[in-house]
Each structure stands twice: as structure tokens, then as C-alpha cells.
Amino acid sequence: AALVTQQDFTHYIELQGKVDASDVVIVTPRGMPAQVRDIHVKRGDIVKKGQLLLKLDDAIILQQLEGLNTQLEYAKNIYNRTKNLWDQGIGTEVQLITAKNSVDNLDRQVATLKENWKTSFVYAPISGIADVVNIKAGEIFNGVSAMGPQIQIVNTSGMKVVTEVPENYQTKVAKGSQLVIAIPDAGIDSLNATISVIGASIASTTRGFVTEAKIPSLPGLRLNQVASVKIKDY
């Protein structure tokens, strides 16, 4: 008679997932959309947080600033004259206060315009790779065009595999569930991981919920690569 021996039995749910990055940022303007004057980044560049990516057109703002500065100089001149006369006992306090208010008001307008001018410099919000640079000098930068993001930065130091799991498996899949991941295009046959994020809702079209599992940032990994995901069931 054949011997009956105890052995481990592991069952997996096999699904398809995709590689994603934990940090993907679409760069957007800090002020109003404006025409691009200079581009300081090209697709595939490694960028540091705070690095200048675009210079937007600032001709109108600089013109306005020049006009306000002229007005401010004039207002300061009037104030100084009024103050000198007031110190000599000539003129009224109302004249002095009015002249001072005029200077303060223009000072505030200049400060506001200078802040607006700063938004014509577009900087990288995170460090990473400029995965998308889809904009040319002369075009309007508003973050996203009909073609998609104009500039997208991906930080590949944090990678993950995102999988949509059919709703009938919801009782068998949880945070901490173990996975075995294969990413053939990156030459990865078997990678052990655990589910770190589980979606709270079921998608109405696909009737599935999303899970995420962190994976190491290995060479050859690209966004949206197909991953074969086996979730340990029991």
C-alpha cells in the first residue's frame, strides 16, 4: 500500500499586473498657464528636486513691474518732500499719511508682482527621471495637453506592482498576502513580495479591486511593464 505522507500544499491565484513607481508627478504651472520661452530638460534626463525645467514668457510681467517701480519712486519722492515740509511745520498730517499710504500700497503691488514673476520659472517638484517631456518652445505650458502630461517625473527608487484582483477573491486576499512576481521583459523570473496596499472600492466596469506590492528598484524595470502575479491563496 502506498504510504500517506504529510506535505505542504500551496495554492496561488494567477493574475496579470503592471509595474509602476510610487512617485510619479505631472509638473504643473504654479501660476497661470503661459508660453514656454526656454526648455532646460529633455526626455530621459535625471533631474534633481528644485532643478529648473522651463522658463515661461515673462515680458508682460516685467513691463508691469517697470511701470510700478517708476510709480513707486515717484511716490517715495513725494513722501520725502512732504515729510521734510512736515518736519518744518508746513503742511497737514493728512497729506503726510496719504503720501505714506501711497508708498505702502505700491510696495505691496510690487511685492505681489515679483511673486507672480517667480512662477515663470518651473522647477522639478521631485528628483527622478523626466519620463515625459512633451512640450516645445512657443507652446502654452498648462501641465496637461490633449496628448497627456507635458512633463512627467518618475522617481524609480520606489517601485511597485499594481494588480487588479477580481471581486470574488476579496475574502482570500488581504494586506500582507504573499505574492510571487515574474516580470519577463525585465528578466525577472521570481520575486517574493507582500501586498502593502489594498483598494477600498470595487471598480464598476471591471468588478475588481486594486492591490499594490512594493518591489526593489531592479535594473531593467520600466513603467507599465507586464508582471505575472501569483497571490498565495492557501
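Student: How much area does the chain expose, and what share of it do carbon and sulfur atoms supply?
Tutor: This is a predicted model, where local features need pLDDT of at least 70, side-chain atom pairs count only at pLDDT 80 or more, and totals for chains, interfaces and linings use all residues. Residues are numbered from 1 along each chain as its sequence is written, and side-chain values use heavy atoms, with hydrogens and water left out. Accessible areas come from the Shrake-Rupley method with a 1.4 Å probe, and for residues only the protein chains shown count as cover. The chain exposes about 14,600 Å², and the carbon and sulfur share is 52%.

Student: Is the chain a compact globule or more spread out?
Tutor: Start with the parts: there are two helices (DSSP runs of H or I, at least four residues) and 14 strands (runs of E, at least two), numbered from the N terminus. The globule rule, 2.2 Å times the number of residues to the power 0.38, gives 17 Å for 234 residues. The C-alpha trace spans about 125 × 35 × 30 Å along its principal axes. The radius of gyration, taken over C-alpha atoms, is 30 Å, well over that 17 Å, so the chain is more spread out.

Student: What percentage of the 234 residues count as buried?
Tutor: Buried means under 20% relative accessible area, exposed means over 50%, and partly exposed is in between (1.4 Å probe, protein chains only). By that cut-off, the buried share of the chain is 34%.

Student: Is Glu73 buried or exposed?
Tutor: Glu73 sits in helix α1, which covers residues 59–87. Its C-alpha atom is 9.5 Å from that of Leu106, 33 residues away along the chain. With a relative accessible area of 51%, Glu73 is exposed.

Student: How many aromatic pairs are there, and is the Trp117 and Phe121 pair stacked or edge-to-face?
Tutor: Rings of Phe, Tyr and Trp (its six-membered ring) pair if their centres lie within 6.5 Å; planes under 30 degrees apart are stacked, over 60 edge-to-face, and the rest tilted. The structure holds two such pairs. For Trp117 and Phe121 the centres are 5.1 Å apart and the planes at 85°, so that pair is edge-to-face.

Student: Which residues form the aromatic cluster?
Tutor: Phe121 also pairs with Tyr123, stacked at 6.5 Å centre to centre with 10° between the planes. Trp117 is partly exposed at 27% relative accessible area, and Tyr123 is partly exposed at 38%. The one cluster is made of Trp117, Phe121 and Tyr123.
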